[in-house]
Structures are given as structure tokens and as C-alpha cells.
Amino acid sequence: MHEAPPASPAASPASPATSPAAPAEPLSHGLKQRHLTMLGLGGVIGAGLFVGSGAGIAVAGPAIVVSYLIAGALAMLVMRMLGEMSAAMPASGAFSVHAERALGRWAGFTVGWLYWFLLVVVLAVEATAAAQIAHGWVPGVEPWAWVLAFMVVFTVANLTAVKNFGEFEFWFASLKVGAIVVFLVLGGLAVFGLLPDTEPVGLTNLTGQGGFLPNGWSGVVSGVLTVVFAFGGLEVVTIAAAETDDPARAVGRAVRSAVVRILFFYVGSMLVIVTVLPWTAQQAGLSPYVKVLDTIGVPSAGQIMNIVVFVALLSALNANLYGSSRMVFSLAERGEAPRALLKVSGGPAESTGSGGASGAGGVQEGADGPRDARGGVPRRAVLASVAFGFVSVLLNLLWPDTVFLYLLNSVGAVLLFVWALIAASQLRLRARLEEEAPDALALRMWCFPYLTWLTLAGLSGVLLLMLTDDAARPQVLWSAGATALVLLVAVGRECRERQGSRAHEPEAPAWTDR
């Protein structure tokens, strides 16, 4: 590891990254507002909603709507905090940079590496699941070949201009959002009996089969534990904001538009599902969306939903590859990862991440001279993340029930740890920003600091509840072990650096003791 570069004025909330004195982000500014807006909407709409929501309905019944409200509110509060900090201090490392500025280098190191580890492990799950769907369509091609094809395609896309990532995600998110809108419209028509061969269902399915709370409030709590992780992915928006022309404005608009709409999509679709069908009609392993579409007479509903889930998985794969590469690049910028990862593409001339930017024009200045705005891609960081992603895939293919299961458990609760550090960082930085640079607060967290403390309490509650659940307990324990290991490395590095700095301090002249 290398020592971090000396702190610049940009590292303080008093002089945010938008300050003229701050060094510009060396990455390209190829993402547009439409890319970030759709990334904010589609980033958390994945297979966890389309398929995994069935498990939540099974434990909570119609009250799964309340479970999604609670989990969604928690996620949206975290997203608002992220938006506030990213609008004031945009950086490719987003919350890792914010944690370092708020709590110290140990926090930035810990949250950055934990998040990177989480993404490269989840890559394997998404690639393998997408390969299984594709194998069902084309049985002649083995799943491993599909995994290889997906990884190669998205690696190439992420090695080229960042606008390619933005375009992929824009259309992926558009399809997912479009699918949910169509589902809500068809489901709403079915509820009121406005579709052919349908009768109004009223509130029968919400109050029958044991009532709205068939398993009591314990079912609602179990539902929260089941669905809260479906909201993972919202963090990528704030990472991507650093690669827009106006990060502060872009992330603010993306967060504002995403907060209400995501809750509407999640809660609205759950309300349609449990209203159209009795909660007892859900089948294990079958998407509740497919069940509803079959019930209202949509032909080939299963295949349609397979396509949507397939796209959702590829979207998550693409976004996680992007997010992991930018996170490890940011760690390298701060001396928390090998400096070799700082190399970025620069069109005519390759450049390192220490360069500045010439402004909003078409050419940016790298360390070795001008580079085309289509460059600015941290290719080594992308390849490093892909390499570890491939290792995860191999472990999933070779030892899915042993080695990879332990690896998966070790990141099972990491998302909650990351969110907790985000909340703690916002708690510290908001107070400092209000005192030193209030104009930087273009987007503000609601009811500060009360909702921030409430979020921390909620995250702690979810972790404690996971400890009481036999299925979730191993995830918390393994994730806590992984976190402790990374934290130990972070503290050890700081101790060594302090000892090294003391060893190089000049001795006081002898006459000073007289």
C-alpha cells in the first residue's frame, strides 16, 4: 500500500470539490442528466423485486406492503443523505470519500473496500442467474459460456467511454420502469374489473385468508428482513454523479426524482399483487408478477417476466462492475489501493489519475498532456474488478454450496454496515458544512439530525433482528467477521504510518533541553 497524497483544500467541507482551488476529477464527464435520472430510478429495481418479493409475501401476507414501506423509507433516507453529501462534495468514491472526511482514513478505507468486496461477489450471483435464464432459451449453450459472454460484453462496455455505461443503464432502466408501469396499469384495471373477463375484487384479498396481518406484526418484521436488501444499488447514483458535467445539480435532481417514484413502484406493485390475488395463492420459486399476469389473462406472462428479470440482472451486473471499478479507483487516488490502478485512458495519450481537467470543453488535461473527453476511463481498475469478479464466478460454479456460500454470507449484511457508515458520515459532515460552507448544501437531509439518528436506529434494529433469525444469523456473523478484518487492516496501516512519521521526525537540538 502507498501513503495517501497530502490533503488538499477540497478535502475539507469548507472548500468542497466545486471550489476553484480543488483538483478536478480525472475521470471523464460523459454521463448526462437523463443517464443519472434513470440510474436513480432503475438502480434499485432488480430481480429482488420481480422474483424475491414472493418470499416476503409468504411471511407477511398482505402486510408486505407495510414491510416495503418500512424498508423503502429506510433506503430513501439513506439515499437522501448520500445525495446531500454528494451534491456538496462530489467524488468518484462518493460515500467512501465522505466517510474519510467525516470519521478518518480508517472509515474511508473500511467502507470503500467492503463495498468493493460486496459488488465483486454479487457479480457472480447476477452473472450466473442471467446465464441460467439464457440457457433455458438456448439449451445448446452451456451456462458457463453465457457467463463468459456477459462478462466480456460488459467489460468491453466499461473499458470504453463512460457514456456507453450510461446508455446501457438508461435503456435497461427504461425497460424495467416501463414494465412496472404497465404492470401497475393492468393490475389497477383488474382490481376495478375493467379488463375483459374480470370482476372487481374489492378488498376481499386484503382482509380475507387471515386478514391484513395473517402472521401478526412479527410477519411484517420478517418481511422487512426479506425485502430490505432489494433496495441495494441506490449508492451507484452518487458514484456516477462525479462523471457528469455538473455533479451537484445532477445528483440533486436524480435523488429528488427517485425517492418518491421508487417507493411508488415498489409499494404500488406490492399493493396490486396482494389485492388481485390472495396471498396464499403465491407459489415458492414463482414470481408474483407472473402469477398476477397469468390470472388476468396476459399471454406468455412467464416468458415476458423472464425477459424483464434477465434485463434486470444484466443491468445490475453492468452497474456493479462500474461501481466497483470507480470505488477501487477512488481508493487508489487516496493511497488506499495500489497506485497502478490510477491509470486512466486519455485518447491520444494515456494519463494517470493525478491530472486535472481543463473544464467543460471537449479536451481534458491529464498528467501527460491533453486527452480526449471520450477517455478518462480507469481501465486498470475495471480489469482488476473484473478479475476478482471472475474468481467469484468460478467459485460459484465449482463450489456453490461450500466456498462460495461462505463468501456470500460474508457480504450478506455488508450493505447495512455501509449504510450505517453513510449515516454516521452525514451526521458529522452536515454540522461541519453548515458551519463552514452552508452554500454547498444544495440538497438537504430532511429533519436533520433526527431522521439521521432514526435511520441509524432502524439499521441497528434490522441487524439485531437478523441475529434472532436462524437463516439470517450466519450472514450477520460472517459479515461482521469480514468487516472486523478490513477494519483491523485499516487501523494497522494507520498505526504503521504514524510510527513511520515519528521515525522521520528530526530530533530536537541538544541545546533545547538546557
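Q: Which helix gives the most residues to the nonpolar patch?
A: The model is predicted, so local features need pLDDT of at least 70 and side-chain atom pairs pLDDT 80 or more, while totals for chains, interfaces and linings use all residues. Residues are numbered from 1 along each chain as its sequence is written, and side-chain values use heavy atoms, without hydrogens and water. Helices α7 (143–159) and α15 (379–398) each supply at least two patch residues, helices being DSSP runs of H or I with at least four residues, numbered from the N terminus. The largest contribution, four residues, comes from α7.

Q: What accessible area do the residues of the nonpolar patch have together?
A: Such a patch joins nonpolar side chains (Val, Leu, Ile, Met, Phe, Trp, Tyr) within 5 Å, from residues with over 30% relative accessible area and no salt bridge, that is, no Lys or Arg side-chain nitrogen within 4 Å of an Asp or Glu carboxyl oxygen. Among its members are Trp144, Trp399 and Leu394, the last lying in α15. By the Shrake-Rupley method with a 1.4 Å probe, their combined area with the other members is about 850 Å².

Q: At what angle do helices α8 and α12 pack?
A: Residues of α8, including Phe183 and Gly187, meet residues of α12, including Phe264 and Gly268, with contact meaning heavy atoms within 4.5 Å. The axes, lines fitted to C-alpha atoms over the stretch in contact, lie 10 Å apart. Taken between N-to-C directions on a scale from 0 to 180 degrees, the angle is about 35°.

How values were computed. Patch = residues over 30% accessible without salt bridge, like charges linked within 9 Å, V, L, I, M, F, W, Y side chains within 5 Å.
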